[in-house]
Amino acid sequence: MSAAMLGAVTPTTTYYLILSALLFGIGAAGLMIRRNPLIMFMCIELMLNAVNLSFVALAVRFGNIDGQTAVFFVMVVAAAEVVVGLGLIISLLKRRPGANADDLAELRG
């Protein structure tokens, strides 16, 4: 494939939605397959960002800023979630280096 042919391809909203669905599927599969809490956390973040990508793609497609505004708030909440969730997971993995998702059940009071 030559550079001229690659330059002729213009990404459309469909490309972004397909990429979003692919990223969401990878995140969902990783969440169901892996038992490491850190990997599971990253898979959830991947799924969240896939949804954000679809919001932005559709907002641009329809010329409405509501989707981008929703993504902004989701990213703010996700940043707070990362701070708390990552702190808990790192603390758990420091105490038990080989911990898995079942060990998180011990965090209950």
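Arginine 95 is exposed, at 73% relative accessible area. Bear in mind that this is a predicted model. Arginine 95 sits in helix H4, which covers residues 66-95. How far apart are arginine 95 and leucine 19 in sequence and in space? They are separated by 76 residues along the chain and by 38 Å from C-alpha to C-alpha.

Leucine 58 belongs to helix H3 and is partly exposed, with a relative accessible area of 34%. Leucine 58 also takes part in a nonpolar surface patch with Leu17 and Phe62, and together the three have about 280 Å² of accessible area.

Here are the two residues side by side.

| Residue | Helix | Relative accessible area |
|---|---|---|
| Arginine 95 | H4 | 73%, exposed |
| Leucine 58 | H3 | 34%, partly exposed |

Now for helix H2, residues 13-33. With 21 residues at 1.5 Å each, H2 should span 30 Å, and its end C-alpha atoms are indeed 30 Å apart, so the two values agree.

Which residues of H2 are buried? Thr13, Ser20, Gly27 and Gly30 are. These four cover an arc of only 120° around the axis, so they lie on the same side of H2. Helix H3 (37-62) is part of what covers the buried residues of H2. Turn to the other side of H2 and you find Ile18, Ala21, Leu22, Met32 and Ile33, which are exposed.

Definitions and conventions:
Residues are numbered from 1 along each chain as its sequence is written. This is a predicted model: local features need pLDDT of at least 70, side-chain atom pairs count only at pLDDT 80 or more; totals for chains, interfaces and linings use all residues. Side-chain values use heavy atoms; hydrogens and water are left out. Helices (H or I, at least four residues) and strands (E, at least two) are DSSP runs, numbered from the N terminus. The expected span of a helix is 1.5 Å times one less than its number of residues. Buried means under 20% relative accessible area, exposed over 50%, partly exposed in between (1.4 Å probe, protein chains only). The arc is that of the directions from the helix axis to the C-beta atoms. Contact means heavy atoms within 4.5 Å. Patches are made of residues with over 30% relative accessible area and no salt bridge: like charges are joined within 9 Å, nonpolar side chains (Val, Leu, Ile, Met, Phe, Trp, Tyr) within 5 Å. Accessible areas come from the Shrake-Rupley method with a 1.4 Å probe; for residues, only the protein chains shown count as cover. A salt bridge is a side-chain nitrogen of Lys or Arg within 4 Å of a carboxyl oxygen of Asp or Glu.
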